[in-house]
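Here are my notes on the model you sent over, set out as numbered points. Have the structure open beside you as you read.

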Amino acid sequence: MVAGREPLYLDVMTWRATKNALAGLLTGLAGGVLLGVLIVIWGAAIFSLVEGPGGWAHAALYLAGVVLVSVLIPGVVQGLSALQRARLRATLGAEIPAPVRPLERTGHQLAYHLLALFTGVAGGLLVPLFPVAPGLARWVTRTDERMARALLGPGRREELAQRVESLARSRAGLVAAADAERRRIERDLHDGAQQRLVSLAMNLGMARERFESESEPVRQAIAAAHDEAVLALTELRQFIRGLHPAVLSDRGLGPALSGLAARAPLPVRLRVDVPRPASPGVEAVAYFIVSEAIANVVKHAQATQAEVTVTRADDVLRITVTDDGRGGAAPLMPADGDGTGSRGTGLRGLAQRAAAVDGTLSIDSPPGGPTVITAELPCES
């Protein structure tokens with residue numbers, strides 16, 4: 001079945017290649033005429049300077065010709081390049097992006113148009129002369145497309161820069177999507193499961209008071225169920241707060257960090273100096289960096305106090321978390337000596353959160369302390 005369709009496929013490809021070659025003949029001629037006019041103007045200016053009687057008038061004519069050609073060439077080249085890209089898109093469906101900085105690629109594009117004087121015209125003339133030679137049409141088309149991609153499109157550096165920019169946008173989109181999903185889950189849990197647990201705990205609490213006169217096993221069963229419901233509610237609230245604290249969205253980074261410091265099991269001195277808020281995604285990352293840093297201090301540092309400073313300088317949000325613990329924290333290596341790397345894993349998580357918004361994180365933790373964790377986040381990521 002595939003073999004039966006192959007001749008039709010070849011006919012379609014040959015027809016497209018022939019159309020492209022004929023269109024290349026026309027655009028090549030158009031480019032040749034325009035560039036030829038500029039060359040004639042330049043040549044006339046030089047001839048006037050060399051063969052003319054001299055004087056200021058001829059020098060001015062020469063300078064005018066040079067300036068005119070210098071101004072017109074980039075515009076003519078860019079216009080011809082747009083025409084050639086449109087021709088390839090219309091005949092072959094080939095998408096060749098325009099350079100981000102077209103002036104830097106003027107020489108490459110001019111080289112293509114000069115080559116098109118020969119390849120386009122020669123190829124276009126040969127294809128009508130030999131309509132029964134499909135290989136010729138396809139060869140002309142392949143050569144033309146390769147030259148256009150190499151000379152009319154962006155250079156290698158521009159392609160890499162565009163790729164990096166595209167990846168950065170994709171990553172920013174993923175971070176924003178993940179943050180939005182966390183907020184949705186937080187709202188669903190807050191409005192759904194948490195409310196049902198609150199109702200269950202209240203009902204069990206009322207039952208506990210109501211059945212005080214019942215037998216000991218009954219009272220114990222109700223009391224145990226009530227305690228479990230209250231514990232589950234507490235854990236759920238902590239989990240919801242860990243997903244995305246509502247106060248962060250409602251009141252901003254400063255109040256959210258104040259609540260975090262107030263709930264910490266050790267004294268945390270907080271200073272926040274952020275005249276202008278950062279983007280919501282960056283503020284969420286900053287909150288979780290502080291939250292996880294304090295959690296690491298509590299679990300591993302054997303510290304008696306901690307200090308958190310958050311400042312904004314220009315477009316950089318700087319976060320510093322300091323503790324007076326035992327030190328020796330290593331962000332990329334296990335710190336526990338048992339291969340589990342629980343502390344190192346937590347610190348790696350901080351670095352990963354910072355990197356998600358193009359930020360950086362450094363840790364200064366000599367043995368014996370103190371430990372200083374510093375994160376710098378671009379405010380508009």
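**Notes on the model**

1. Let me begin with the charged pairs: the count of salt bridges comes to nine. Please keep in mind throughout that this is a predicted model. As general background, side chains of opposite charge can pair when their charged atoms come close. Three of these bridges are taken up in the next points.

2. The bridge to look up early is the one between R87 and D144, whose closest N and O atoms are 2.4 Å apart. This pair links distant parts of the chain, with the two positions 57 residues apart in sequence numbering. R87 belongs to helix α2 (residues 56-92), while D144 belongs to helix α4 (residues 134-151). Are the two partners buried or exposed? Both R87 and D144 are buried.

3. A second bridge joins the side chains of E216 and R219, at 2.2 Å from N to O. Both residues sit in helix α6 (residues 216-243), three residues apart, which is about one turn of the helix. E216 counts as partly exposed because its relative accessibility is 38%, between the limits of 20% and 50%. R219 has 29% relative accessibility, so R219 counts as partly exposed too.

4. The third bridge on my list is between E95 and R89, with 4.0 Å from N to O. R89 has a relative accessible area of 39% and is therefore partly exposed.

5. Stepping back to the whole chain, you will find ten helices and five strands. The chain has 381 residues, and 34% of them are buried. Its accessible surface comes to about 21700 Å², and carbon and sulfur atoms account for 63% of that. Of the contacts with a separation of 6 or more, 72% are between residues 24 or more positions apart.

6. Next, please have a look at Q109, in helix α3 (residues 106-129). Why does Q109 count as buried? The relative accessible area of Q109 is 0%, so Q109 is buried, the limit being under 20%. Setting aside residues up to four places away in sequence, Q109 touches V77, Q78, S81, R85, P99, P102, L151 and L152.

7. How many cavities of 30 Å³ or more does a search of the whole structure find? The search finds two. The second largest cavity has a volume of about 30 Å³. Its lining is made up of T27, G28, G31, G32, L80, Q84, H113 and A116. Helices α1 (2-51), α2 and α3 each supply at least two residues of this lining, and α1 gives the most, with four residues.

8. For aromatic side chains, the count comes to one pair. The partners are Y287 and F288, arranged edge-to-face, with 5.4 Å centre to centre and 85 degrees between the planes. Both Y287 and F288 are buried.

9. R269 lies in strand β1 (residues 268-273). With a relative accessibility of 57%, R269 counts as exposed because that value is above the 50% limit. Which residues does R269 contact, leaving aside neighbours within four places in sequence? They are A306, E307 and V308. R269 and V308 are 39 residues apart in sequence, yet their C-alpha atoms are 6.2 Å apart in space.

10. Finally, two backbone angles are worth a look. Most residues other than glycine have a negative phi. D314 has a positive phi near 60 degrees, and D314 is not a glycine. D314 sits in the loop between β2 (306-313) and β3 (316-323). Its relative accessible area is 67%, so D314 is exposed. D358, also not a glycine, has a positive phi of about 65 degrees. You will find D358 in the loop between α10 (342-355) and β4 (360-364).

Definitions and conventions. Residues numbered from 1 in each chain as written. Predicted model: local features only at pLDDT ≥ 70, side-chain atom pairs only at ≥ 80, totals over all residues. Heavy atoms only, no water. Phe/Tyr/Trp six-rings, centres within 6.5 Å; stacked < 30°, edge-to-face > 60°. Buried < 20%, exposed > 50% of the residue type's maximum accessible area, 1.4 Å probe, protein only. Contact = heavy atoms within 4.5 Å. Areas by Shrake-Rupley, 256 points an atom, 1.4 Å probe, with all protein chains shown as cover. 1 Å grid on protein atoms, 1.4 Å probe; cavity = no way out; pocket = protein on both sides within 12 Å on 5 of 7 lines; lining within 4 Å. Points joined across faces, edges and corners; volume = space filled by probe spheres on them.
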